[in-house]
Amino acid sequence: MNEEHTMPVGHDQLDRYEIRLLGQLDDCWSDWFAGFTLTTESDGTTTLTGSVLDQAALHGLLRRVSNLGVTLVSVNVLRSGQS
């Protein structure tokens, strides 16, 4: 049996995510979240923004957040045109 796997229409790019955490992480955490931009917000949260290869990579990233013991506020997929 020969199966060909193709990406669904619109999934030819890596998904970009915005992950908001309660508390402000300083820049020393940038290496731990390689490939993600850390932005401290005026409301006392930190936003991680970047791309993940697939759902397994996203779950791994969320485990890192959990291991830090910080509160996860939100996870959002960024559509084309969103920063």
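Reader: Which residues do ring pairs link into a cluster?
Author: Trp-29, Trp-32 and Phe-33. Keep in mind that the model is predicted.

Reader: How many aromatic pairs does the structure hold?
Author: Two. One joins Trp-29 and Trp-32. Trp-32 also pairs with Phe-33.

Reader: What makes Trp-29 and Trp-32 an aromatic pair, and why is it called edge-to-face?
Author: Take the distance, then the angle. Ring centres must lie within 6.5 Å, and here they are 5.5 Å apart. Planes over 60 degrees apart count as edge-to-face, and these stand at 65°. Both conditions are met, so the pair is edge-to-face.

Reader: Why is the pair of Trp-32 and Phe-33 called edge-to-face too?
Author: The test is the one just used. Its centres are 5.4 Å apart, with 80° between the planes. The distance is within 6.5 Å and the angle is over 60 degrees, so the label is edge-to-face.

Reader: Is Phe-33 buried or exposed, and how do you know?
Author: Buried. Its relative accessible area is 1%, and buried means under 20%. Trp-32 has 32%. That value falls between 20% and 50%, so Trp-32 counts as partly exposed. Trp-29 has 29% and is partly exposed as well.

Reader: What makes Arg-64 a residue that lies over the face of Trp-32?
Author: The arginine CZ has to be within 6 Å of the ring centre and within 35 degrees of the ring normal. For Arg-64 the distance from the ring centre of Trp-32 is 5.1 Å. Arg-64 is reported as lying over the face.

Reader: How many salt bridges does the structure hold?
Author: One. Its partners are Arg-20 and Asp-43.

Reader: What makes the contact of Arg-20 and Asp-43 a salt bridge?
Author: The closest N and O atoms are 3.6 Å apart. The cut-off is 4 Å, so the pair qualifies.

Reader: Why does this pair tie together parts that are 23 residues apart in sequence?
Author: Because Arg-20 lies in strand 1, while Asp-43 lies in the loop between strand 2 (37–40) and strand 3.

Reader: Is Asp-43 buried or exposed, and how do you know?
Author: Exposed. Its relative accessible area is 51%. Exposed means over 50%, so Asp-43 passes. The C-alpha atoms of Asp-43 and Leu-22 are separated by 9.1 Å, with their places 21 residues apart along the chain.

Reader: Where does Gly-44 lie, and why is it called partly exposed?
Author: Gly-44 is in the loop between strand 2 and strand 3. Its relative accessible area is 26%. That is between 20% and 50%, so partly exposed is the term. Leaving aside neighbours within four places in sequence, Gly-44 contacts Leu-22, Gly-23 and Gln-24.

Reader: Which residues make up the largest nonpolar core?
Author: Twelve residues in all, including Tyr-17, Ile-19, Phe-33, Leu-48 and Val-65. Strand 1 (15–22), strand 3 (45–52) and helix 1 (55–68) are the elements that give two or more residues to this core.

Reader: What makes Phe-33 fit for this nonpolar core?
Author: A core residue has to be buried and of a listed nonpolar kind. Phe-33 has a relative accessible area of 1%. Phe is on the list and 1% is under 20%, so Phe-33 meets both of these conditions.

Reader: What is Ile-19 in contact with, leaving aside neighbours within four places in sequence?
Author: Phe-36, Leu-48, Leu-58, Leu-61 and Ser-74 are among its contacts.

Reader: Where does Ser-74 lie, and how far is its C-alpha atom from that of Ile-19?
Author: Ser-74 is in strand 4 (residues 72–78). The two C-alpha atoms are separated by 5.8 Å, though the residues are 55 apart along the chain. Ser-74 also touches Glu-18 and Arg-20. At 22% relative accessible area, Ser-74 is not under 20%, so it counts as partly exposed.

Reader: In what order do the elements of the protein chain run?
Author: β-β-β-α-β from the N terminus. That makes one helix and four strands. Of the 83 residues, 23% count as buried.

Conventions:
Residues are numbered from 1 along each chain as its sequence is written. This is a predicted model: local features need pLDDT of at least 70, side-chain atom pairs count only at pLDDT 80 or more; totals for chains, interfaces and linings use all residues. Side-chain values use heavy atoms; hydrogens and water are left out. Buried means under 20% relative accessible area, exposed over 50%, partly exposed in between (1.4 Å probe, protein chains only). A nonpolar core is a set of buried Ala, Val, Leu, Ile, Met, Phe, Trp, Tyr and Cys residues joined through side-chain atoms within 4.5 Å. Contact means heavy atoms within 4.5 Å. A salt bridge is a side-chain nitrogen of Lys or Arg within 4 Å of a carboxyl oxygen of Asp or Glu. Rings of Phe, Tyr and Trp (its six-membered ring) pair if their centres lie within 6.5 Å; planes under 30 degrees apart count as stacked, over 60 as edge-to-face and the rest as tilted.
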